[in-house]
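Hello,

Here is the structure I promised to pass along. My notes on it follow below.

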Amino acid sequence: MKNYVGGLWGFVGIGLLTIPVVVAAGASDKPVTGDTVIRETQEAVTATKDYTSQQKDAFQRKGQTELDAMQVRITQLRGQVTHASAEARADIRKAIGELEKNKDLVNKKAQDIHSATASSLEQVKSKTAAAMDDLRDSLTQALSHLPSR
């Protein structure tokens with residue numbers, strides 16, 4: 001929350017610094033009042049919050065779609081275990097355990113998106129994407145234990 005408030009004050013400060021430039025450039029003969037500055041700043045803050053919320057929602061939808069597809073692949077992999085040799089079955093079961101662990105980590109990282117601030121969103125998205133990459137790698141590793149058909 002502290003980072004969010006600090007970021008908002010920085011945003012407000014930048015907005016306040018640009019207002020004299022616009023006024024000095026002759027953008028309007030209308031006098032600028034404190035109420036105008038406050039209203040425009042509040043509108044900018046609201047727009048920033050809305051944009052951040054939209055970015056979070058889009059990232060979560062994309063991630064959830066990929067997680068759902070990954071769960072289907074894990075379920076299919078479980079079904080294929082019976083077709084493998086005893087040695088391969090042990091390796092596949094171990095790989096499935098790793099897959100499940102990585103999937104849970106991705107789910108946790110995806111939940112962190114809810115509490116991300118505008119300033120931390122990119123970092124949270126990056127960590128979530130890295131966890132998803134690890135999950136994909138785990139799936140590839142698990143699939144490598146399956147017998148060729």
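How much area does the protein expose, and what share of it do carbon and sulfur atoms supply? The exposed area is about 10,000 Å², with carbon and sulfur atoms supplying 56% of it; accessible areas come from the Shrake-Rupley method with a 1.4 Å probe, and for residues only the protein chains shown count as cover.

Before you read on: this is a predicted model, where local features need pLDDT of at least 70, side-chain atom pairs count only at pLDDT 80 or more, and totals for chains, interfaces and linings use all residues. Residues are numbered from 1 along each chain as its sequence is written, and side-chain values use heavy atoms, with hydrogens and water left out.

The protein has four helices and zero strands (DSSP runs numbered from the N terminus: helices are H or I, at least four residues; strands are E, at least two). Of its 149 residues, 26% are buried, meaning under 20% relative accessible area (exposed is over 50%, partly exposed in between; 1.4 Å probe, protein chains only).

Now the inside. The largest nonpolar core (buried Ala, Val, Leu, Ile, Met, Phe, Trp, Tyr and Cys residues joined through side-chain atoms within 4.5 Å) holds 18 residues, and Leu 77 and Ile 92 are among those touching the most other members. At least two residues of this core come from each of α2 (34-80), α3 (86-115) and α4 (121-143), and α3 gives the largest share, six residues. A second, separate core has five residues, including Phe 59 and Leu 121.

Leaving aside neighbours within four places in sequence, Leu 77 is in contact (heavy atoms within 4.5 Å) with residues including Ile 96, Ala 142 and Leu 146.

Best wishes
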